[in-house]
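Visitor: Please take me on a close look at a single part of this molecule. I would enjoy a slow tour of one spot, followed by whatever its residues lead us to.

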Amino acid sequence: TIPLKDGMITSDDIFQWCENLEQVDLVEGELLRDTIATLLLEEWRIDMNDEFDTIKQILPNTSAGDDSDDVGGKALAIRMWIRSVLRK
């Protein structure tokens with residue numbers, strides 16, 4: 001579980017060899033989803049829900065790295081996802 005905050009994941013190799021990392025749970029994630037669900041801006045609400053679901057599709061197919069030269073892409077994928085959510 002991580003907070004939805006840019007800059008939390010700073011190292012590209014932090015999830016190296018973590019093949020089982022397939023989703024991101026957010027601190028207060030359920031509260032955030034409930035808040036989004038109550039908003040009247042339907043298009044934005046749909047965009048946000050789609051954005052939350054995106055990381056569940058990306059991580060299982062992202063390499064975790066297999067040696068010291070290949071750090072994988074999970075950290076980068078999560079960083080990019082967090083920034084994308086925060087830009088919404």
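**A close look at the largest pocket**

Guide: Let's start with the largest pocket, which has a volume of about 180 Å³. Please keep in mind as we go that this is a predicted model. Twelve residues line the pocket, and those lying nearest its centre are V24, D25, L26, R33 and F52. By character, the lining divides into six nonpolar, two polar and four charged residues.

Where does the lining come from? Helix 1 (29–38) and helix 2 (42–58) each supply at least two residues. Helix 1 gives the most, with four residues of the lining.

From here F52 makes a good guide, as it is one of the residues nearest the centre of the pocket and also takes part in the one aromatic pair that the structure holds. Its partner is W81: the two ring centres are 6.2 Å apart and the ring planes stand at 70°. An angle over 60 degrees counts as edge-to-face, so that is how this pair is classed. The pair links distant parts of the chain, with F52 in helix 2 and W81 in helix 3 (residues 74–87), 29 residues apart. Both F52 and W81 are buried.

The two aromatic residues turn up again when we look at nonpolar packing. In soluble globular proteins, nonpolar side chains tend to be buried together. Here the largest nonpolar core has 15 residues. F52 and W81 are among those with the most contacts inside this core, along with V24, I55, L59 and I78. V24, like F52, is also one of the residues nearest the centre of the pocket. Helix 2 and helix 3 each supply at least two residues of the core, and helix 3 gives the most, with six.

Since W81 has brought us to helix 3, let's see what charged contacts this helix makes. Side chains of opposite charge can pair when their charged atoms come close. The count comes to two salt bridges. One joins R83 to D6, with the closest N and O atoms 2.9 Å apart. This salt bridge connects helix 3, where R83 sits, to the segment before helix 1, where D6 sits, 77 residues apart along the chain. R83 is partly exposed, with a relative accessible area of 37%, and D6 is partly exposed too, at 39%.

The other salt bridge runs between R79 and D12, whose closest N and O atoms are 2.4 Å apart. Again distant parts of the chain are linked: R79 belongs to helix 3 and D12 to the segment before helix 1, 67 residues apart. Are these two residues buried or exposed? With a relative accessible area of 13%, R79 falls under the 20% limit and is therefore buried. D12 has 41%, so D12 is partly exposed.

One last stop lies in the segment before helix 1, which also holds W17. This residue has a positive phi of about 70° although it is not a glycine. What about the setting of W17? Its relative accessibility is 54%, so W17 counts as exposed, whereas the tryptophan of the aromatic pair, W81, is buried.

To bring the tour back to where we began: F52 lies among the residues nearest the centre of the pocket, pairs edge-to-face with W81, and is one of the residues with the most contacts in the largest nonpolar core.

Notes. Residues are numbered from 1 along each chain as its sequence is written. This is a predicted model: local features need pLDDT of at least 70, side-chain atom pairs count only at pLDDT 80 or more; totals for chains, interfaces and linings use all residues. Side-chain values use heavy atoms; hydrogens and water are left out. Buried means under 20% relative accessible area, exposed over 50%, partly exposed in between (1.4 Å probe, protein chains only). On a 1 Å grid over the protein atoms alone, a cavity is a set of points where a 1.4 Å probe fits but cannot get out, and a pocket is an open set with protein on both sides within 12 Å along at least five of seven lines; lining residues have an atom within 4 Å of a point. Grid points are joined across faces, edges and corners, and a volume is the space filled by probe spheres set on the points. Ala, Val, Leu, Ile, Met, Phe, Trp, Tyr, Cys and Pro count as nonpolar, Asp, Glu, Lys and Arg as charged, and the others, Gly among them, as polar. Rings of Phe, Tyr and Trp (its six-membered ring) pair if their centres lie within 6.5 Å; planes under 30 degrees apart count as stacked, over 60 as edge-to-face and the rest as tilted. A salt bridge is a side-chain nitrogen of Lys or Arg within 4 Å of a carboxyl oxygen of Asp or Glu. A nonpolar core is a set of buried Ala, Val, Leu, Ile, Met, Phe, Trp, Tyr and Cys residues joined through side-chain atoms within 4.5 Å.
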